[in-house]
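Me: Could you take a close look at one part of this structure for me? I'd like a friendly walk through a single residue and its surroundings, then a step back to the rest of the chain.

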Amino acid sequence: MSPIILRLPVRKLRPAMLRPKVAWLAWLLLPALWLAATEAAARTATARLARITTAVATLEQVRVELEWSADASAGRLRLQARAVDAPELGYRFRNLDWRCPLQRDGNGGWRCDGDLRGGSGGPLRLAIDLGVASTDARLSRGPASLTLRRDAATPDVTRIDLTRVPLAWTQALLAQAWPQARLTAGTLDGQLAITAAKATPLHIAGPLSLRGAALDTPDGMIAAENLGARLALDATLGARDRVIVDGQLLGGELLFGTTYVSLQQRPVALRIEATQQDGQGWQLPHIAWRDDGLLALEGSAALTPGMDIRALDLRLRSDNLAPLRDGYLSGWLGLAGLADLQLSGAADARVRVAEGVLREATVALHGAGFDDPQGRFDFDGLDGDVRFSSDAATPVHSELRWRAGALYGLAFGPARLPFASGDGALRLREAVALPMLGGHASFDHLQLRPPSAGQGLDIRFGLTLEKLDVAQLAEALDWPAFTGELSGRIPQARYANDRLDFDGGLAMQLFGGSVAVSSLAMERPFGVAPTLSADIALDDLDLESLTGVFGFGTITGTLDGRIAGLRLVDWEAVAFDAELHTDRQRGVRQRISQRAVQDLSSVGDASFVTSLQSQLIGLFDDFGYSRLGIACRLADEVCTMDGLSSAGQGFIIVQGSGLPRLTVVGFNRRVDWPTLVERLAAVGKGDVKPVVE
């Protein structure tokens, strides 16, 4: 028998219609039945077909073999296909082989049930019953099964029952719409009715249940784990596809880029309506998400053919912000180093995107509070709204208020922030003054530009500090009991790429002198391991007041100096180049107490010597000095020490004056920084006991 080509004129089936293997093998069975009916007297009948073409798939090099003796009540059927290609479904099989005993069912129909093998995979079980009034097919492996039924009374309707079907069986179908997604776990149950009437679109409807579903993408940007769902599907597929999914998600975890959603075991109501024209992206005219007690979302969206967002209009509401952190915000907050942020109150929001660009965003807060357990900031009683617009022609106004707040323990009073937005930026309409530490902190201007066109968040502002009480500042930051005033102006500061840079500087009036801070910058100001860098200049500080605060004996005189290249990581010093020295002024006595000499010696591995009356040194409470100076360059946890000048192998810290003449000399030029900090702490606590050598 020479090979022939068989073409079956059937109506085109859409990808979601039914499990592909069942459809193809149902077509393969037709030649077998023909052989059974026309060659029943023969012991063996064989048909070879070069190609079978259907709207679903093309079968190449098909071989059908039937063994049935004249007196037997059953025969043996074998169907083979070298290749089965279904490009619309994404399936491609090689070397399919189905063997089964073919027998009559006693009612004028046929039945065949046997193993189906293909390639190197394990066998499936395929059973087909061709009755007079119905056709049934069942594909199974272990507890998983897919059952198809068609009745002669309703020839346009096919019913499919799914029982514990592995989601991996649908990988090729998913790849047609979403090539990057990989199904890694989960099972599917459901009952679908497929209506394929002549001259009408294909219609698929019925309930579906997911258990333990998991997927991911190669770039790790989208993933799902242990996802459950109970959904109703209603899909019409034709020149214009329309799909409605309505039901509940039943726990699990979802990841979309930085957004991590933890549903735990909460049921979430979900409804999505989607339409698509051939060759165009999906339109989602209605999206609804209701997670009772956490988040309600409603809106619409449009996707490009590449599944990117082209348009978006979402309205969101949370009546209780407290659980929103763990449910929806942990990814964003963790990225900002705010994983433990405490939220309270309620909020509404709206986001509108057009042509892939953020056009409008509004956040309205109702009695909200944000409290960082690490003490970096705290806002209480937030009310009002913040509105963003990219439309330069029609700016929008909004206003945000709070009852109280704090930054790094520095409390400030109530404030009102009036905003205007247009041209893609949010700005203060006027300067805003905040009462703080007995004075005022004023934002002279502020502009916020959200990420767009490949650029990250950009914030710029000007800041003025007026007569802040340094004593309150010291108490808030757990510093020694400094006193004085802090004033200064930063004409321009910019936050971008997780870095905060300041122009201008700050000036503090401390201990009768001044401290000037310049080159101020911060990295990750609210993130993990924040870093601060600055240059500090000291001028005419009263040493008696300064040493009294630190408990460092008593030294009189005035102090000048600098701390260049200061760098703090998580508020611990890791680098600086410091040099401090006294500044002789007319009428100012320069004396150093014996306790201060001892403290200097204990901290800097120094000793003191006198030129006269060394045996009487213990009788004096203090000594005159002409100069005092010390320097430290910190790098890699080692402080390289220096003083006024060299003295043999050492360096002079205190140069004496008068009688008895006292000189303090340091000998260790490399000091372990943690050890030095411990010694300074011990001196401040008075744990160092004076010892006169």
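**A close look at Arg325**

Reply: Happy to! Arg325 sits in helix α3, which covers residues 324-335. Keep in mind that this is a predicted model. Arg325 has a relative accessible area of 16%, and it counts as buried because the cut-off for that is under 20%. As for its company, setting aside neighbours within four places in sequence, Arg325 is in contact with Ser330, Leu333, Ala339, Asp340, Leu341, Gln342 and Leu343.

Another helix offers a companion case. Ala172 belongs to helix α2, residues 171-177, and its relative accessibility of 14% makes Ala172 buried too. Ala172 also has a partner from elsewhere in the sequence: Tyr91 is 81 residues away along the chain, yet the C-alpha atoms of the two are 5.8 Å apart.

The surface has something for you as well. Asp636, Glu637, Asp672 and Glu678 come together there as a patch of negative charge. One of them, Glu637, lies in the loop that links β39 (622-635) with β40 (638-643).

Now for the step back. The chain holds 7 helices and 44 strands, and of its 693 residues, 43% are buried. Looking at contacts between residues at least 6 apart in sequence, 49% connect residues at least 24 apart. Finally, the chain exposes about 34,500 Å², with carbon and sulfur atoms supplying 54% of that area.

Terms used:
Residues numbered from 1 in each chain as written. Predicted model: local features only at pLDDT ≥ 70, side-chain atom pairs only at ≥ 80, totals over all residues. Heavy atoms only, no water. Helix = DSSP H or I, 4+ residues; strand = E, 2+ residues; numbered from the N terminus. Buried < 20%, exposed > 50% of the residue type's maximum accessible area, 1.4 Å probe, protein only. Contact = heavy atoms within 4.5 Å. Patch = residues over 30% accessible without salt bridge, like charges linked within 9 Å, V, L, I, M, F, W, Y side chains within 5 Å. Areas by Shrake-Rupley, 256 points an atom, 1.4 Å probe, with all protein chains shown as cover. Salt bridge = Lys/Arg side-chain N within 4 Å of Asp/Glu carboxyl O. Lys, Arg positive; Asp, Glu negative; His and termini not counted. Charge placed at Lys NZ, Arg CZ, Asp CG, Glu CD.
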